[in-house]
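Me: I have a model on my screen and would like to know what stands behind the words people use for it. Could you go through some of them with me?

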Amino acid sequence: MLQRELRDFSYRPGDYHHFYIFEPKQRKISAAPFRDRVVHHALCNLIEPIFDRRFIARSYANRIGKGTHAAVDCLQVFSQQHTYCLRMDIVKHFPSLDHAILRDELASVIHDEGLLWLIDRILESGEKVLADEYTMRYFPGDDLFAVNRPRGLPIGNLTSQFWSNVYMNPFDWFIKRELGCSSYLRYVDDFALFSDDKAQLWHWKQAIIERLARLRLTAHEREAQVIPCDKSIPWLGFVVYPTHRRLKRRNAVNFTRRFRHNITRYLDGDISFAELDASVARWINHVRYADTWGLRRRIFNQHPIRIRPVRADEAKDTLPQRKGRGLWRNKKWW
């Protein structure tokens, strides 16, 4: 059925299901129906390799072999090699992405009319999804009708993550080629430039603001400061120094609150110990890239778990101390 709709150009995406997450900040997530997610994956499988070869090496988001921790590693290496850093990010990145600009960038590489038709259908399906997240900004040359420009990519679509890199790719090359900054990296809408010349970074900041305006994007200007690399650099949930890294306090506070809640759910029988353990393991796998051994030991020592009796449906939920009814402390969590 879906194949016929795509072949006959009669495919129409379904409605999104929306919900909010609040960590690290509030975001509106839009989940497409399963059949549409299949289409998104198929489209990305076709065109993503073509574009990925055009991306700069230090674009780290949503790419095979890249990711958050590789971006943190790169930023720390640059902080060891340079004296100053300019870190910037974009205001409401996904709600701001302009469909016409993105479509032109995609069409400059993709010439298959069927693929472009499918891209148009997916873009149209997300046109007003983030309208309530976007505050209208007018840019040089705009008239009053600029408010009607289609914009916004649903956070949750695989295509949105990929298209964000497509949208920002000309900007990345502007930094590398026109500004001549060799020590530059980006993760989605967070990016950092390094130099030994503080005045040069301030000059680059203004040039970046002007170039982002051509992409109909706005930077958080107040937060964009040139800072010495021997001071802390906030980056992707970590605080990075040339010699070590720390976890942002907010991350530890949020996890501790969530951990206490999951312990209560476990004691009430709402989740198994395996589910509790998996939630902890996911967090540890992220924060182990910073100096968090002492932090983990303190959190888990302060919140010991009292083992409850095993239910019939938890027969496979093995735990070495399961026969006891006392407190369980697991050093593997440290």
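**Terms and the values behind them**

Reply: Gladly! A kink of about 40° lies at Met168 in α7, shortly before the proline Pro170. This is a predicted model, in which local features need pLDDT of at least 70 and side-chain atom pairs count only at pLDDT 80 or more, while totals for chains, interfaces and linings use all residues. Residues are numbered from 1 along each chain as its sequence is written, and side-chain values use heavy atoms, with hydrogens and water left out.

Me: What makes the value at Met168 a kink in α7?

Reply: The bend at a residue is the angle between two axes, one fitted to the seven residues ending there and the other to the seven starting there. At Met168 that angle is about 40°. Just after α7, Gly180 takes a positive phi of about 75°.

Me: How do you know that the span of helix α7 agrees with its 21 residues?

Reply: The expected span is 1.5 Å times one less than the number of residues. For α7 (residues 158-178) this gives 30 Å, and the end C-alpha atoms are 31 Å apart, so the two agree. Helices here are DSSP runs of H or I with at least four residues, and strands are runs of E with at least two, numbered from the N terminus.

Me: Why is Ser160 called buried?

Reply: Buried means under 20% relative accessible area with a 1.4 Å probe, counting protein chains only (exposed is over 50%, partly exposed in between). Ser160 has 1%, so the word buried applies. This serine lies in helix α7.

Me: What makes His69 and His286 a polar contact?

Reply: The term needs a pair of N or O atoms within 3.5 Å; within protein, one must be able to donate a hydrogen and the other to accept it, and residues adjacent in sequence count only if both atoms are side-chain atoms. The side chains of His69 and His286 are joined at 3.1 Å, so the distance is inside the limit. His69 is found in helix α3 (residues 68-81).

Me: Why are β7 and β9 said to stand at the edges?

Reply: Two strands pair if DSSP finds at least two bridges between them. The open sheet has the order β7-β8-β9, with antiparallel pairing. β7 (233-235) and β9 (245-247) each have a single partner strand, so one side of each is left without a neighbour in the sheet.

Me: How do you know that β8 pairs with β9?

Reply: Three bridges join β8 (residues 238-240) to β9, so the requirement of at least two is met. In β9, Arg246 is the bridge partner of Val239.
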